[in-house]
Amino acid sequence: MNCDSCHNENATIYLTQLVEGKMQKVNLCGNCAEEKGVTDPTGFDLADLLEGAGTETTTPAVVVGEDGESCEFCGFTQVDFKKTGRFGCGHCYQVFREGLDNLLEAMHRNSEHHGKVPEHFIDTAPPEGSDLTSGISDLHALLDEAIKIEDYEEAARLRDSIAQLEDVDKVLGEEPKKPE
Amino acid sequence: MMRFSTLLRKPAEWMRTDGPHNDIVVSSRIRLARNLSEHAFPGWAHPEERLKLLDIVRPAVENLPEMQDAFSQEMTKLSAIEKQVLVERHLVSREHAAKSSGCATVMNRNQSISIMINEEDHLRIQSLRPGLQLMKAYQVLDKIDDELESQLPYAFDRKYGYLTACPTNLGTGLRASAMLHLPGLVLSDQINQTIQAANKIGLAVRGLYGEGTEALANLFQISNQTTLGQDEKSIIQHLDKVISRIIDNEENARRKLVEDQPTMLQDQIGRAYATLRFAYIIPSKEAMNFLSMIRLGIDLGAFNAEERDVINVLLTEIQPAHLQIEAKRKLNAAERDVLRAEIVRRHLKNLTEPCFDDILHKDLDDE
């Protein structure tokens, strides 16, 4: 069996990965495997190796931050984020706030944290609109919008998010608050 | 502090203890991602900054009550093979093993808790348990997290939650995953359906890859993909619910195979037995897939249930770095195949021939 990358050498490394519900297989020779860094079975994306296959897997096309913006604390720039998909430090989440919620909605179908809060953050008042119900009403507004512009795929996704959130709402409602 | 050699001598405790549903769920894992405020994330920080952070974080981690008598080491002080052993045991990530200055790992003696310092995030705390015990695994971590939080200033935002280097981990920073053994769904060609269904409801399914072309040993890892917007309990309960459904499906698939294709099953298990007991050269993929068939045989009553531990341990012990630690030298692929066969034969020496009476009778009783 020949290497799927260079087509010259004999393949010695056989990779299988589940991408979007389908099993994908790639056979590589030792050199190509090393070159592509796939001696690491958990840390690579098979889709990246397969030309043209599932290239839009991780980063959705959402612009985060403004052109030329950089973090005063760590020096991280918007270009760095485009390149790596990661931030430089905690402050970056404030600096590059522009567009961030869209990115998070695409990733998590949500843009607000619900869950554990460090103890010294608990006593102070919660930020506006951080409770679950407003999260749901936001989504309802987005849903109406999606239906209006006939983006039914987006609408279906929003409907699912709402159902899931309402589920969480129920669970949370029954849960006693952390004793404090 | 524990030495590396001590750590190596014992297989992880979770491999040798029973857990709920451990015929199908091999292990449950939770990891939390945490960062300190006022420090650049490890991937962006300069080496000196990473070292400085290590000096702050490491004592707090080592002083945890859970980490008394722990193994604690900087990644630069471990050889490539030693690091690989930790990866093969799921104690550190591949990414962490590949990192250099300022990166360290602290893990407890029974290898159920491991804390990576300066991985992609300043702290990656993970807990591993046998069988399906996601909530239990989380409770252990939650307590550790509380202790660390009281000493270390975490990067936290009221809106976004725990801040992480990659926005995909933002919010709870929690990734819950379970390793499922699904030979029934694979043999009956239902696995892709299952994976697609899981994907549809926002869960990721990954194979246990490596050298094999098929999902190796019929093992699949299922985990949450989103970390923001749902609280920890909801994430875990959701995954738990889905896993329970997959367990039902797997059980049904096995029952149906026993009913419809008993000879095929006997043949698969019998061949696996013969090869593993008597082969002198065995490639990783072949060994893994046959071990999966033996595991299935155990679940179906063809072998003694006590052998399940041996299979769990073997799945790790036959991995390349483990073989080379055993041999105390570097081995090429051909040499590994020979040593692998030897180790498998040794471990399975007392495994008696498969007995299928139970399987066929159970089938009749069910009718």
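Start by selecting L265(B), I269(B), A272(B), Y273(B), L276(B) and R277(B), the buried residues of helix α10(B). This is a predicted model, so keep that in mind as you click along. Look down the axis of α10(B): these buried residues fall within an arc of 115°, so they line one face of the helix. The general pattern helps here: an α-helix has 3.6 residues a turn, so residues three or four places apart point the same way.

Now turn to the face away from that buried side and pick out T263(B), R271(B) and F278(B), which are exposed.

What do the buried residues of α10(B) pack against? Show α7 (183–187), α9 (232–260), α11 (284–300) and α14 (333–347) of chain B, and you have the partners. For a quick check of the helix itself, take residues 262–278: its 17 residues should span 24 Å at 1.5 Å a residue, and the end C-alpha atoms are indeed 24 Å apart.

Next, visit the largest nonpolar core, which has 53 residues. Select L123(B), L148(B), I222(B) and I243(B), the members that touch the most others. Helix α9(B) gives the most to this core, with 8 residues. Zoom in on L148(B): beyond its neighbours within four places in sequence, it contacts A60(B), V61(B), L64(B), L123(B), I125(B) and Y154(B).

A second, separate core holds 43 residues, including A12(B), A272(B), L339(B) and I359(B). You have already met A272(B), on the buried side of α10(B).

Finally, zoom out to chain B, with its 15 helices and 10 strands. Buried residues make up 61% of its 367 residues.

Definitions and conventions. Residues numbered from 1 in each chain as written. Chains lettered and ligands numbered in written order. Predicted model: local features only at pLDDT ≥ 70, side-chain atom pairs only at ≥ 80, totals over all residues. Heavy atoms only, no water. Helix = DSSP H or I, 4+ residues; strand = E, 2+ residues; numbered from the N terminus. Expected span 1.5 Å × (residues − 1). Buried < 20%, exposed > 50% of the residue type's maximum accessible area, 1.4 Å probe, protein only. Arc of directions from axis to C-beta. Contact = heavy atoms within 4.5 Å. Core = buried A, V, L, I, M, F, W, Y, C linked by side-chain atoms within 4.5 Å.
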